[in-house]
Every structure is written in structure tokens, then in C-alpha cells.
Amino acid sequence: MNPYEIDVYALIYDLVRQIPEGYVTTYGAIAKALGDIRASKAVGEVLAMNPTPIIVPCHRVVMSDGSLGGYTHPEGVRKKAELLRREGVEIIGGKVNLKKCFFNDFKLKIRPFEVFRDYQKRISEKIRLEDYDFSAIVGVDLTYNGRYGIAAVVVFDEKGNPEYVRYYSKKTLVPYVPTYLAFREYPIIEEVSRDLRGYLFFLDGHGILHPRKCGYASHVGVELDTPSIGVAKSLLVGNIVIESNNLAKVLIDDEVRGYAIYDKGRASVYVSPGHKITVGSALRETMKVKKYKIPEPTRLAHYYTKLGKEMFKNRKLLPERLLETPL
DNA sequence: GCGACAG
DNA sequence: ATCTTGTCGC
């Protein structure tokens, strides 16, 4: 089972089509069917993008307490209530009675988040936390336009100067769900990053500072077999242990998984090794390229991501077509 | 009431 | 991440 071929958006729309007229389900019930209750917010986001309302009856998905939740329609949630009433679902005090009309008999062949967790376990077993040589540095970042991800990959030369930027866009199959970021973003950067094996990758997210020791930066590092570092703006898991004015260790089970760098008494970024680098070297390499709050590789990539998005909108950047510009 | 999660 | 108004500082 190739995890990168699983279309979670399509699975969600398929599940919603199974809800019969006169019944409702909840965002959480769909998330559980997909294999992780934590995906419930993402279910709501995916339904808000429903390309075929009524055909995919997303008005039949409500909150776990029976309240209606939202509805992306000019008339808003009033339309959701009208559709449900027309189908015979009673709404009293703004709530449906889930005891009477709760549908949970979903049929599905795969639970994507179970597949993803199994895959993360396999990836985490391949992580090497020793220092390997690298030729130069690469910074990666993504932005989104609907379901299309737009990646900017900034490649530096041996002296540390930005040399060129690559742009690439592709439709994403997976919504953002905490702890599964790599399944959303890796397929978009895979093709433009393959030939950069041997570079040190800076990625926007955590490395081993992850509940299953398999964050985005580790995932990318292992898949591309290249050194990688995760630099995140906020913490996903871990306990902070202050070391000095501007540094703290981040521990999981008494193990140092990364560092928090502080600027003026405030955490600026969290650094953790992805693959083929030690936790100490990840910190040192990050400090070397940190001029502002965000280290230069990902800071520049983030800047170019905005240009990439404009080009995407203007049809100068087409889906699954590589664009490269010298800097 | 508590806890609350990268992008 | 995105959206969107408002404010601060160069």
C-alpha cells in the first residue's frame, strides 16, 4: 500500500455519501472511521471545500453534541437546518437528537491514518542520528491555493549564498492533520528534491520532536536519504528544560529531541534533527544560518513561495511542471 | 473542568 | 496554513 496514493479528500466525500437521508453523523465519527479522532477538524475543513454539495450531502455532518456546526453557503447554517428538516431530521433548540438519527455504519476499505502510522513506524526505524557530510544547504517551504500546494525549494551554493529557486505545484490528497504533516507535503516536494540528495535540507516543521519520532523533517530526510533539520515555529510535543538565556532543551521521555531557541525571553524557533545529523549539529547548523527569527533557508523559501503562488494564479506556473530561476 | 495538536 | 482588519515602525 503506497501511502502517497491515498486520497483522503475522496475518502471523506465517499463516507459522507453513505449517510442516508434522515440521518446525520459527526465530524468525529468520520475522523474515527479514517483512523484518528484528531482528524475531526480536518474533516470540517475538507467538507467546507465540498465541490459537489447535495451529491456529497455534507449538511448531514454535525457536531458531537448535536449542534449543527457550520455550512459554507450564502445562507449559512440556516440552509443546513432547512435541508435537514426537509429530510425529516428534527432540530430542537438548535440541535439534532443523535440518539434518534445517528449514522455510523461506514464501509471503507482502508483507514488512512492507520496506514500512515504504520508507515511512520517504518520510517522512524530508518532514522540515523549521526553526522553525515553534506554538499550545501537547501530550504523548502509550501503554500496552498485551494487543494494545490505550491513549493519553493531554495538551493544554496557551497559558500552559503542562494543559487537558484525551484517552483513546483501539485494537488494535495491529504488535509493538514497534526502529526501527519509529511503525508500532505512530501508528495509535492518529492520530484523537485530527488536529485538534491546529499544536501542538508531545512524544513518547516519538526524532525524527531514528534510523538512517534517521525516528524516531517525526519520523514523527508529518510525518503530522500539526505541530512535534514526541522525548524518549527511552535511546539508539537515535549517538555522544555531551560539551559540558558536563549536556549532550552526539549525532552520526550527524558531524551533530548531538540532545542528551543529564545530571542527576547520568547521562544523563536524549535530545532530538531530530521535524519543523518545529531541533535547538537542540528542546533549548530541552524544557528549558523539564523539571521532573523526564521533561519535563512526556510525564510527565503517562504518568501519565494509567495512569488510561486502568484505565478500559479497567473498560469506562469502549471501543475506538475518544474520551474527554475537563478538567484 | 482539563487539556488543546507542526503547517 | 488561510483570512482580514488594524496598528506600529522605518
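Start with the largest pocket of this predicted model, which holds about 520 Å³ of space. To find its middle, select Tyr176, Leu181, Asp204, Gly205 and His206, the residues that lie nearest the centre of the largest pocket. They belong to a lining of 28 residues.

Now colour three elements: strand S5 (137-145), helix H7 (181-193) and helix H10 (296-313). Each of them gives the largest pocket at least two lining residues. Which element supplies the largest share of that lining? Helix H7 does, with five residues. If you then colour the lining of the largest pocket by class, you should get 13 nonpolar, 10 polar and five charged residues.

**On to the DNA**

Next, show DNA strand B and pick out the residues around it. There are 16 of them, and the closest are Tyr176, Pro178, His206, Tyr216 and Lys233. Of the strand B atoms that come within 4 Å of the protein, 47% are sugar and phosphate. Tyr176 and His206 may look familiar, as both were on the list for the centre of the largest pocket. By class, the residues near DNA strand B split into eight nonpolar, six polar and two charged.

Zoom in on a few atom pairs here:

- His206: one of its backbone N or O atoms sits 2.9 Å from a base nitrogen of DNA strand B.
- Leu181: a polar backbone atom of this residue is 3.4 Å from a base nitrogen of DNA strand B.
- Ser234: look at the side chain this time, where an N or O atom is 3.3 Å from a phosphate oxygen of DNA strand B.

**A stop in strand S5**

Go back to strand S5 and click on Thr143, which has its place there. Is Thr143 buried or exposed? Its relative accessibility is 16%, so Thr143 counts as buried, the cut-off for buried being under 20%. Show its neighbours too: leaving aside residues up to four places away in sequence, Thr143 touches Tyr148, Gly149, Ile150, Thr305 and Lys309.

**Last stop: another pocket**

Finish at the second largest pocket, with a volume of about 250 Å³. Select Leu47, Ala48, Cys58, Tyr71 and Thr72 to land nearest its centre; the whole lining of this second largest pocket has 15 residues. Which elements give two or more residues to that lining? They are helix H3 (40-48) and helix H4 (77-86). Colour the lining of the second largest pocket by class and you get eight nonpolar, five polar and two charged residues.

Terms used. Residues numbered from 1 in each chain as written. Chains lettered and ligands numbered in written order. Predicted model: local features only at pLDDT ≥ 70, side-chain atom pairs only at ≥ 80, totals over all residues. Heavy atoms only, no water. 1 Å grid on protein atoms, 1.4 Å probe; cavity = no way out; pocket = protein on both sides within 12 Å on 5 of 7 lines; lining within 4 Å. Points joined across faces, edges and corners; volume = space filled by probe spheres on them. Helix = DSSP H or I, 4+ residues; strand = E, 2+ residues; numbered from the N terminus. Nonpolar A, V, L, I, M, F, W, Y, C, P; charged D, E, K, R; others polar. Buried < 20%, exposed > 50% of the residue type's maximum accessible area, 1.4 Å probe, protein only. Contact = heavy atoms within 4.5 Å. Near = heavy atom within 4 Å. Polar contact = N/O pair within 3.5 Å; in protein donor to acceptor, adjacent residues only side chain to side chain.
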